[in-house]
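Hi everyone, thanks for coming along. Let me put the structure up, and then we can walk through it together.

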Amino acid sequence: MSLNIPADFVEKYNQPGPRYTSYPTVPAWKQPFGGDEYREALADLATRPGDELALYLHLPFCAKHCFYCGCNALVSREKNAVEVYLDRVEKELSMVTALIGTGRRVVQFHWGGGTPNYLSNAEVNRALAMFRGAFDLAPDAEVSLEVDPRIATPEQVAFLRSAGFNRISLGVQDFEESVQAAIGRKQGRERTLDVYRGCRDAGFPGVNVDLVYGLPGQTRESFARTLAEIIGLGPDRVACFSYAHVPWVRPEQNKVDTSRMMAGYEKFGLFQLTVDSFQVADYDWIGIDHFARRDDELSIALRNRALHRNFMGYATKPAPHMLAFGMSGIGDVCDRFAQNDAELDSWGAAIDAGRLPIVKGHKLSDDDRLRRLVILNVMCNLELPWALTEQAFGAPADRLLAGELAALPPLVEDGLVTVEERGLRITDKGRYFVRNVAMIFDAYLAGAGDKPLFSRTV
Ligand SMILES: C[S@@+](CC[C@H](N)C(=O)[O-])C[C@H]1O[C@@H](n2cnc3c(N)ncnc32)[C@H](O)[C@@H]1O
Ligand code: SF4
């Protein structure tokens, strides 16, 4: 049950820090990188025809903008906006397959947003057909999407299941009406429950729920009610994100009343409540902020220390490369990260002109690859066996990163990690501060300065 962690201890470790969906993290990508560099990555991919792929499709459209939202989302008044968008995705797809060929095997395909279920059934069919025509979707591939229950119906989710999706994530955030009002997102409980039941009736093998803690107006009591209700439903996985307040990137968030938001130790307490509630209900705590039922494959992977992470989330057997389509999508191809233009107009204009719409990226050095392996293993599997690096880098991690490991003793003294003969382990207390441990191995943080590049670790 709840560890007693004092306020001054939490404050000590509550520093701005990356969430490590990638290493190096996006703010560290400073190389000149555009369509030409991405083309090189795709040319390399073409020389490895047996490698499996993951695909990400970004669908930015939403019915209405919730002002707490940190995602790349937009509301369009154009009647045929989705159609025009899909025309461009189709062209983007053909530019990519011209370089890597068609028929490559895909083991994971995720639609994120925005709100993918803003698409009509015909548009969903069209988008799926485009990708099925260009790739070989494995019969056991994970095909997943994010759904806003406010505009979904049981019929729509039944359609999505029959169209081939096998995992669905429902955005709930918080059931309390006062919290919903404070984030500009009115969401009737009955509708959400109907859609959830619709997903079960439709036979989705995986049903996920998204929650957010640290929202304005949330109290321990109110959030405990939301948690209890979600646990009562029994989703396979829950993501409980820390509210990221980044109004310099998402100006709509200026409408969020920050004076009504928990911060620091109080917000940490809300997260501890979340962890305790899920653990008591037989969910395992995955990574920073995910929970999975004990029989879920993520939980099993964690027990086997075989959990991975990519831009789409936690995974059990991720493909070695990920191709991203649509505005703002980030791909990971042959040791290069590449991000598409995040503005609809310029993303579209690049494609119309026959250019790959890449605006930023990073080619990983050997040192980057070493640190990526170490950081992601610490973040996912909560340990760093020294032998982890032997095969790919020819020496154990304690030899390769001896300088970094010299920074460990204070963390050991504070009870966040233990150092054993075969490697280091994150303790139960250290789980709350795992980003702080990972940051020791990040070679780019020294240059981050005071700019608010990252949210706080707590
Ligand atoms: C891309 S959104 C898609 C969800 C879908 N459009 C909906 O609203 O239900 C994915 C998830 O990101 C999370 N999210 C959005 N804005 C956030 C923020 N500012 N901080 C933390 N999590 C956020 C929410 O949990 C949301 O369900
Ligand atoms: S939370 Fe979902 S529906 Fe609301 S603006 Fe963000 S992506 Fe759109």
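Let's begin with Q173, which sits in strand 4. A quick word on naming: helices (H or I, at least four residues) and strands (E, at least two) are DSSP runs, numbered from the N terminus. Q173 has a positive phi of about 70°, although it is not a glycine. For background, most residues other than glycine have a negative phi, and most peptide bonds are trans.

Before going further, some housekeeping. This is a predicted model, where local features need pLDDT of at least 70 and side-chain atom pairs count only at pLDDT 80 or more, while totals for chains, interfaces and linings use all residues. Residues are numbered from 1 along each chain as its sequence is written, chains are lettered from A and ligands numbered from 1 in the order in which they are written, and side-chain values use heavy atoms, with hydrogens and water left out.

Now, which ligand atom does a polar side-chain atom of Q173 lie 2.7 Å from? An oxygen atom of ligand 1. That is a polar contact, meaning a pair of N or O atoms within 3.5 Å; within protein, one must be able to donate a hydrogen and the other to accept it, and residues adjacent in sequence count only if both atoms are side-chain atoms. Ligand 1 also has a nitrogen atom 2.9 Å from a polar backbone atom of Y68, and a polar side-chain atom of Q253 lies 3.4 Å from a nitrogen atom of this ligand. Taken alone, ligand 1 exposes 570 Å², and the protein buries 91% of that. Those areas come from the Shrake-Rupley method with a 1.4 Å probe; for residues, only the protein chains shown count as cover.

Around ligand 1 there are 20 residues, and G113, Q173, R185, D210 and A244 are the closest. A residue counts as near if one of its heavy atoms lies within 4 Å. The shell divides into eight nonpolar, eight polar and four charged residues. Here Ala, Val, Leu, Ile, Met, Phe, Trp, Tyr, Cys and Pro count as nonpolar, Asp, Glu, Lys and Arg as charged, and the others, Gly among them, as polar.

On to ligand 2. Its surroundings include C62, C66, C69 and R185, and by class its shell has five nonpolar, two polar and three charged residues. G114 is there too; this residue is found in the loop between strand 2 (104-113) and helix 4 (121-134). The peptide bond from G113 to G114 is cis, with omega near 15°.

There is another cis bond to show you, from Y23 to P24, with omega near -10°. P24 has its place in the loop between helix 1 and helix 2.

Y23 brings us to the aromatic pairs, of which a search of the whole structure finds 23. Rings of Phe, Tyr and Trp (its six-membered ring) pair if their centres lie within 6.5 Å; planes under 30 degrees apart count as stacked, over 60 as edge-to-face and the rest as tilted. How is the pair of Y23 and Y444 classed, and why? The ring centres are 5.9 Å apart and the planes are at 55°, so the pair is tilted. This pair links distant parts of the chain, with Y23 and Y444 lying 421 residues apart.

That's my tour, thank you!
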